[in-house]
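Hi everyone, thanks for coming. Please take a moment to look at the sequence and the structure, and then I'll walk you through a few places in it.

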Amino acid sequence: MLSFASDYTEGAHPRVLRRLVETNMEQLPGYGADCYCLSAIEKIRTACQCPEAEVYLLTGGTQTNAIVIDTMLDSCEGVVCAATGHVNVHEAGAIEHSGHKVLPLPEHQGKMDAEELRNYLVNFYQDENHEHMVFPGMVYISHPTEYGTLYSQEELTALSAVCRHYHIPLYMDGARLGYGLAGSQTDLTLPDIARICDVFYIGGTKVGALCGEAVVFPRHNAPAHFITKIKQRGALLAKGRLLGVQFDALFTDNLYIEISRNAIEMAERMKEGLRERHYSFHLESPTNQQFIILNNRQMEQLKERVDFSFWEKKDADHTVVRFATSWATTEEQVNQLMEALDATAV
């Protein structure tokens with residue numbers, strides 16, 4: 001079965017897997033105190049141009065979002081996000097399960113608008129009853145967004161300015177950060193993100209690792225006793241080496257960006273083929289997630305050949321579907337997708 005369902009259907013990049021095998025029999029201390037975790041942290045600090053950053057390695061995106069949000073918010077605070085934000089739509093209520101309300105704002109192709117955020121915060125504090133309400137204690141964004149779109153440096157700076165005026169942190173979910181950084185249409189670098197955001201994570205699960213996300217607090221601003229709080233939530237790996245070895249490999253010789261570029265190149269080839277066949281795009285995505293509109297009959301036929309993601313109903317007869325490339329996608333696979341589309345075209 002040909003799969004374009006997501007960007008984590010493969011295992012690990014061969015160089016990452018090789019390092020896991022090469023270091024397998026080494027006897028190392030646990031809980032992230034091993035030499036590979038420490039090396040990975042230093043390499044991430046260097047890549048961020050942020051030597052004072054605190055870096056923590058966790059296993060998955062939902063776990064990371066839940067822990068960062070829960071530990072940075074007071075019990076009466078919630079997290080503001082775009083309505084399409086992952087924490088609002090596809091995390092099974094993980095944030096609410098930790099006791100914090102998700103506070104959605106309108107989205108614009110997956111992005112949050114700084115002026116709308118400012119108006120929301122102004123109106124909240126002008127409400128004479130706001131002491132009886134859930135306080136907006138953090139702003140959550142994802143980059144790339146759930147629609148594969150990217151924030152510009154100007155947009156991110158504007159969001160940060162609003163957050164700093166109201167003394168709330170700006171948190172970036174970077175599950176697909178590599179694909180954002182590798183895109184030709186971005187003006188954001190990893191040092192820019194470290195300078196502008198208060199906390200973010202560098203996704204590994206979707207970008208060449210078996211599992212793992214690297215949380216970065218760029219200004220020595222992690223919550224007090226953060227390691228202890230990670231362990232309280234059952235998320236501190238005894239064999240922290242599993243994450244350290246992987247991120248150490250990903251941040252050696254620019255591997256993280258190199259393999260991310262492959263996903264972008266394959267997505268561009270896919271877009272060319274789709275345009276040649278006159279498919280309609282739901283929106284313009286500059287990264288590895290592409291959203292096209294299929295009539296329902298073709299969609300059902302294509303399911304027999306290709307694994308892809310349902311996204312939303314366009315109308316009674318048409319559906320928006322997502323094709324996602326990854327660090328491992330090949331040109332041959334893209335060609336096979338085009339052949340499958342040709343065979344099911346109606």
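**Around helix α14**

Let's begin with what lies against helix α14: its buried residues pack against β1 (2-3), α12 (255-276), α13 (296-302), β11 (306-307) and β13 (318-324). Before going further, a word on the model: it is predicted, so local features need pLDDT of at least 70 and side-chain atom pairs count only at pLDDT 80 or more, while totals for chains, interfaces and linings use all residues. Residues are numbered from 1 along each chain as its sequence is written, and side-chain values use heavy atoms, with hydrogens and water left out.

The element names come from DSSP runs, numbered from the N terminus: helices are H or I with at least four residues, strands are E with at least two. When I say contact, I mean heavy atoms within 4.5 Å. Buried means under 20% relative accessible area, exposed means over 50%, and partly exposed is in between, using a 1.4 Å probe and protein chains only.

So which residues of α14 are buried? They are Val334, Leu337, Met338, Ala340, Leu341 and Thr344. These residues sit on the same side of α14, because they cover an arc of only 160° around the axis; the arc is that of the directions from the helix axis to the C-beta atoms. On the face turned away from that buried side, α14 carries the exposed residues Glu332 and Glu339.

We can check the length of α14 too. The helix has 14 residues (331-344), which at 1.5 Å a residue should span 20 Å, and the end C-alpha atoms are indeed 20 Å apart. The expected span is 1.5 Å times one less than the number of residues.

**Salt bridges**

Side chains of opposite charge can pair when their charged atoms come close. Here a salt bridge is a side-chain nitrogen of Lys or Arg within 4 Å of a carboxyl oxygen of Asp or Glu, and the count by this rule comes to 17.

Please find α12, where Lys271 bridges to Glu268, with the closest N and O atoms 3.3 Å apart. Lys271 and Glu268 are three residues apart in α12, which means about one helical turn separates them. Lys271 is buried, at a relative accessible area of 1%, whereas Glu268 counts as partly exposed at 29%. Arg275 and Glu284 also meet in a salt bridge, at 3.0 Å from N to O. Through shared partners, salt bridges join Glu268, Lys271, Arg275 and Glu284 into one network.

**Helix α1 and a surface patch**

Another pair is in helix α1: Glu22 and Arg18 form a salt bridge at 3.9 Å, N to O. Glu22 and Arg18 are four residues apart, about one turn of the helix. An α-helix has 3.6 residues a turn, so residues three or four places apart point the same way. Glu22 is partly exposed at 46%, and Arg18 is partly exposed at 44%.

Leu17 is in α1 (residues 14-22) as well, and counts as partly exposed at 41% relative accessibility. Leu17, Val21, Leu210 and Leu242 form a nonpolar patch on the surface, with about 330 Å² of accessible area together.

**One last residue**

Finally, is Asp70 buried or exposed? Asp70, in helix α3 (residues 61-72), counts as buried at 17% relative accessibility. Leaving aside neighbours within four places in sequence, Asp70 is in contact with Ser98, His100 and Arg233.

Definitions and conventions: Patch = residues over 30% accessible without salt bridge, like charges linked within 9 Å, V, L, I, M, F, W, Y side chains within 5 Å. Areas by Shrake-Rupley, 256 points an atom, 1.4 Å probe, with all protein chains shown as cover.
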